[in-house]
Amino acid sequence: MAKIDLFRRPMPKQTPKERIKNFSEVALGYTPQLAIEEAKRCLQCKKPLCIGGCPVEINIPGFIKAIAENNFPEAIRIIKEKNSLPAICGRVCPQEEQCEKVCVFVKKQAPVAIGRLERFAADWEADSKTESLKAESQNNSNNKKVGVVGAGPAGLTVASDLIQLGYPVTIFEALHEAGGVLIYGIPEFRLPKAIVKREVEYICKLGVKLFCNFVVGKTRTVDELLEEYGALFIGSGAGLPWFMNIPGENLNGIYSANEYLTRANLMKAYLFPEYDTPIKRGKSVAVIGGGNVAMDAARVALRLGADKVSIVYRRSRTEMPARLEEIENAEEEGIIFEYLTLPTRYIGDENNWVKEMECLRMELGEPDASGRRRPIPIKGSEFITPVEVVVVAIGQSPNPLIPQTTSGLEIGKNGNIIADEKTGKTTKKGIFAGGDVTRGGATVILAMGDARVAARSIDEYLKTGEW
Ligand code: FAD
Ligand code: SF4
């Protein structure tokens, strides 16, 4: 019987002191030796629960075994059978909630570091400049074209799957760069943009056509595209930020996280003066919310030179939706967590710049519909605190442009496009959808999982014509 090794190899990282002064990647990745040691911990379970925990069903023990045997090309080959964006997933997927959550070692609090190993294999491939997967054009007799709206993880995955089935695929992207949130939202220090670009280039090398600066609903409508394409997949994400609608929220210095991160990441405000993108660099910054978006915005603010950055969250640490790893990184970097706190209004100076924020303290009651304990305001607990920049990161929903300009496309709560979970079919024939546009803000891997389902179903629809 294999010897049980409960030592989960830690990820080498930049020290907090050093990393808050730069935008370079925080986690440095496993060395080959660390990767092999970690891979050898895997028990190669006969019934590997980890595969069931992966939304795209990667053969996890298979690729880990290959790493343990020092066969890195085989490891990446196995991963890419199911996942065309491994360097990205290995960095940002919430593995602790998915594959690692069901690894047999989880009871001993030492699940095999599946995500770190996936990242290692993908980075090894990039560093060794080999490419394991080539598009094998399967003879597609009807040759119907597929159009994809949005070049985020959902759109890129559907495109990659369908081109490999032999369909000509074209992606229409509104921004000037492909990648979706991966390029405009998640900061460089968590996901280097060169990696996103590399994955996009890979998909283009497979033969996918990409048109940027193409806003579907404006440049051309979905209905117009449907005249030319046999099927369309909508993966336009959830880019419409929510606000709390409290007094003073439109003062200068108050940003949505979407705008703040787009300025910092996509428009490279952090490289000022090389890039001349304006962004207010306050000394005291408050970020409202407790998800990954809030953690990213807070850590960006710190790197832009703030002395004090607070995360203001209305529940406690236990209920925070952000990945544990990112909460810990933020804590290590000195971000202050104001738990059980709710902003109620902002106060401006004579030039309409925010200068103070009024908050209420909360306590937790019974669980609400989300299963988390409901925050209840404590009467008379109001207090005022000085602040120069506020970033609101309380959630987002899909932009209404596409449903508004498309006939027969039904939307649900919060403007999400309604699509069948098992097929990705929307209420309009020939149109499929997945990712954040159907779920609201979710995760990269769920967007990819939806895309995989939709790709299969598009293939079937184009072959049979049956809806
Ligand atoms: P998106 O990534 O939003 O891509 C949609 C694309 O469609 C965009 O490029 C957009 O420009 C384009 N588009 C929109 N409208 C149109 C139009 N009309 N015409 C043409 N193109 C259009 N998930 C994780 O798993 N782990 C994390 O650590 C994590 N961190 C995050 C941090 C931040 C700051 C944010 C904002 C999100 C984070 N997420 C994370 C969530 C994750 O990024 C999303 O769930 C995922 O990107 C959704 O993929 P998507 O393809 O559905 O949409
Ligand atoms: Fe390996 Fe854990 Fe998967 Fe078992 S559950 S095969 S130990 S990664």
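This section describes two ligand sites, one helix and three loop residues in a predicted model.

The shell around ligand 1 comprises 34 residues, the closest being Val92, Glu173, Arg190, Val216 and Asp436. By residue class, this shell divides into 20 nonpolar, 10 polar and 4 charged residues. Three helices, H8 (153–164), H13 (292–303) and H17 (444–464), each supply at least two residues of the shell around ligand 1. The largest share, 3 residues, comes from H13. Polar contacts to oxygen atoms of ligand 1 involve both side-chain and backbone atoms of the protein. A polar side-chain atom of Arg190, which is also among the closest residues, lies 2.8 Å from an oxygen atom of ligand 1. A polar backbone atom of Ala154 is 2.9 Å from an oxygen atom of the ligand, and for a polar backbone atom of Ala442 the corresponding distance is 3.2 Å. On its own, ligand 1 has 1000 Å² of accessible area, of which the protein covers 93%.

Ligand 2 is surrounded by Cys42, Leu43, Cys45, Pro48, Cys50, Pro61, Cys103, Val104 and Ile114. The shell around ligand 2 consists of 9 nonpolar residues, with no polar and no charged members. One of these shell residues, Ile114, is found in helix H7. Ile114 has a relative accessibility of 5% and therefore counts as buried, the cut-off for this class being under 20%. Outside its immediate sequence neighbourhood of four places to either side, Ile114 touches Cys50, Ile60, Phe63, Ile64, Cys99 and Glu100. Cys50 thus appears both among these contacts and in the shell around ligand 2. The C-alpha atoms of Ile114 and Gly90 are 8.1 Å apart, with the two positions 24 residues apart in sequence numbering.

Helix H7 spans residues 114–127, and its end C-alpha atoms are 20 Å apart; this agrees with the 20 Å expected for 14 residues at 1.5 Å a residue. The helix is mostly covered, with 12 of its 14 residues buried. In addition to Ile114, the buried set includes Arg116, Glu118, Arg119, Asp123 and Glu125, as well as Leu117, Phe120 and Ala126. The buried residues of H7 pack against six helices: H2 (32–39), H3 (49–52), H4 (60–68), H5 (72–82), H6 (86–92) and H10 (193–205). Lys129, which follows H7, has a positive phi, near 55°.

Positive phi values also occur at two asparagine residues in loops. Asn245 has a phi near 55° and lies in the loop between strand S5 (240–241) and strand S6 (254–256). With a relative accessibility of 69%, Asn245 counts as exposed, because this value is over 50%. The phi of Asn352 is near 70°, and this residue is placed in the loop between strand S10 (341–348) and strand S11 (354–367). Asn352 is partly exposed, its relative accessible area being 47%.

A further loop position, Ile411, falls between helix H15 (401–405) and strand S16 (431–433). Ile411 is partly exposed, at a relative accessible area of 42%. Setting aside residues up to four places away in sequence, Ile411 touches Pro403, Asn416, Ile417 and Ile418. The C-alpha atoms of Ile411 and Gly179 are separated by 24 Å, and the two residues are 232 residues apart along the chain.

How values were computed. Residues are numbered from 1 along each chain as its sequence is written. Chains are lettered from A and ligands numbered from 1 in the order in which they are written. This is a predicted model: local features need pLDDT of at least 70, side-chain atom pairs count only at pLDDT 80 or more; totals for chains, interfaces and linings use all residues. Side-chain values use heavy atoms; hydrogens and water are left out. Helices (H or I, at least four residues) and strands (E, at least two) are DSSP runs, numbered from the N terminus. Buried means under 20% relative accessible area, exposed over 50%, partly exposed in between (1.4 Å probe, protein chains only). Contact means heavy atoms within 4.5 Å. A residue is near a molecule or strand if one of its heavy atoms lies within 4 Å of it. A polar contact is a pair of N or O atoms within 3.5 Å; within protein, one must be able to donate a hydrogen and the other to accept it, and residues adjacent in sequence count only if both atoms are side-chain atoms. Accessible areas come from the Shrake-Rupley method with a 1.4 Å probe; for residues, only the protein chains shown count as cover. Ala, Val, Leu, Ile, Met, Phe, Trp, Tyr, Cys and Pro count as nonpolar, Asp, Glu, Lys and Arg as charged, and the others, Gly among them, as polar. The expected span of a helix is 1.5 Å times one less than its number of residues.
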